[in-house]
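User: I'd like to learn how to read a protein model, feature by feature. Could you walk me through this one?

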Amino acid sequence: MLGHLECFVSSAENGSFSAAGRKLGISSAAVGKNVTKLETLVGVRLFQRNTRKLILTEEGERFLQEVSGGLQSIQCALKRVNSSGSVAAGTLKVSMGTAFGLHFVMPLLPAFLSRYPAIVPDWHFDNRKVDMIGEHFDAAIGGGIELAQGMIARELAPAHGVLVASADYLRRHPLLSQPEQLANHAGIFIRSPQTGRIRNLPLRNADNEQRAPLMTVNMTVNEPEAAARAAEMGLGIALIAMPSALPYLESGRLLRVLPAWYVDRGSVYLYFPTTKFLPSKTRVFVDYITEQFRLQKLATRFDAR
C-alpha cells in the first residue's frame, strides 16, 4: 500500500508516470500499475489520463491533500528507524553466568564501550536459565536455554566441569589416582538454581568411561564462585565448570584433581535473535564476543580434555 501511495503522489507532483518512475527508480509501467491498483482499492478514479499528461480528478485532488502529509510523515519515520538501526546505540540487555561474566566478559567492557560509546550495558549476572523473549533480553551467554522461534544459538566453547582442590587439602589427604577413591574425600557441591538438587553428573575420560563422583557431601552452595572459594580454603574437592575454575587453575590457587576425568555439560552458547532484523547494538556485541573468544582462545582454555 505504501508503494501505491508513493507512486500516486509522485505522479501527481511530476505530471506523468514516466517522470514519477525516474524519481522513484522504477519503470513508468510499474508506476502505472501501482496507481491502478490504488484506484481499485479506494474505488474511485484518481487521474484523467491522456497521451501527454495526467490530470487529477476532483476525487484525486482531495485524496492527494489528505494523504501527502501523512505519506511524508511515514517516510520520515522509516528513515529515522533505518538510520537508528545502523548505529550501535541504546540499552543492551544481556544475561550471563555470574562467575563467567565477572571473569571473562566484564574485562572486555572498557574496550567494547570505547568502540561503541553509545551503547548502555544492562548486564544481568545470574546462573539461571532466562526466558529471553519474555524477559526482553537482547542476548545471553550460557547453556541449556530453550530456543524459541526466531532465536539462534552460536556455539562458543565446550561446557566442561572439573574437580579442583587446594594444594593444602591434597597434602593433608590420601592421593587420588582413580574416581572410586573420591568416596574417601569431602565434596563441595553446587545446587541447581532451577531444581534445588545437587548437581552430580558423571565423570568421563578420553576412553568415554563414566564414573560417579561419589564424594561425601561436606557442604553445598548455590554459586560456583562460592564452591571455588571453599575449595581454595581447603574445605574439600569441588566439581565446578571450567569458566569458574580457570582463573583459580591458571593462578595456581587451585589444582586439578584426577585431571584425566571431567564432566561434559554440553556447550557454552551465545543466544540472540535471528539476524534478519538484528539491531546494530546486538550485532556488534555478538561479533565482539565471538572475536574475543577466538583471540583469547577461550574454547581451548575451557576444554578440560
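Analyst: Happy to; we'll go through helix packing, a nonpolar core and one buried residue. Keep in mind that this is a predicted model.

User: How do α1 and α3 pack, and at what angle?

Analyst: Helix α1 (residues 2-14) and helix α3 (residues 28-42) cross at about 110°, and their axes lie 8 Å apart. Angles of 65 to 115 degrees count as roughly perpendicular, so α1 is roughly perpendicular to α3.

User: Which residues in α1 and α3 meet?

Analyst: From α1 come Gly3, His4, Leu5, Cys7, Phe8 and Ser11, and they meet Val31, Asn34, Val35, Lys37, Leu38 and Leu41 of α3. By type, the residues of this contact are seven nonpolar, four polar and one charged.

User: Now the core. What is the general idea?

Analyst: Nonpolar side chains tend to be buried together in soluble globular proteins. Here the largest nonpolar core has 49 residues, and Ile141, Val164, Phe285, Ile289 and Phe302 touch the most other members. Helix α10 (residues 280-295) gives the largest share, six residues. Domain 2 (90-158 + 267-302) and domain 3 (164-259) each supply at least three. Another core, of 16 residues, lies apart from it and includes Phe8 and Phe63.

User: Is threonine 98 buried or exposed?

Analyst: Buried means under 20% relative accessible area, so threonine 98, at 18%, counts as buried. Threonine 98 is in helix α5 (residues 98-105). Beyond its neighbours within four places in sequence, threonine 98 contacts Phe125, Asp126, Asn127 and Glu223.

How values were computed. Residues numbered from 1 in each chain as written. Predicted model: local features only at pLDDT ≥ 70, side-chain atom pairs only at ≥ 80, totals over all residues. Heavy atoms only, no water. Axes fitted to C-alpha atoms, helices over the stretch in contact; angles between N-to-C directions. Helix = DSSP H or I, 4+ residues; strand = E, 2+ residues; numbered from the N terminus. Parallel < 35°, antiparallel > 145°, perpendicular 65-115°, else oblique. Contact = heavy atoms within 4.5 Å. Nonpolar A, V, L, I, M, F, W, Y, C, P; charged D, E, K, R; others polar. Buried < 20%, exposed > 50% of the residue type's maximum accessible area, 1.4 Å probe, protein only. Core = buried A, V, L, I, M, F, W, Y, C linked by side-chain atoms within 4.5 Å. Domains from an automatic or database assignment.
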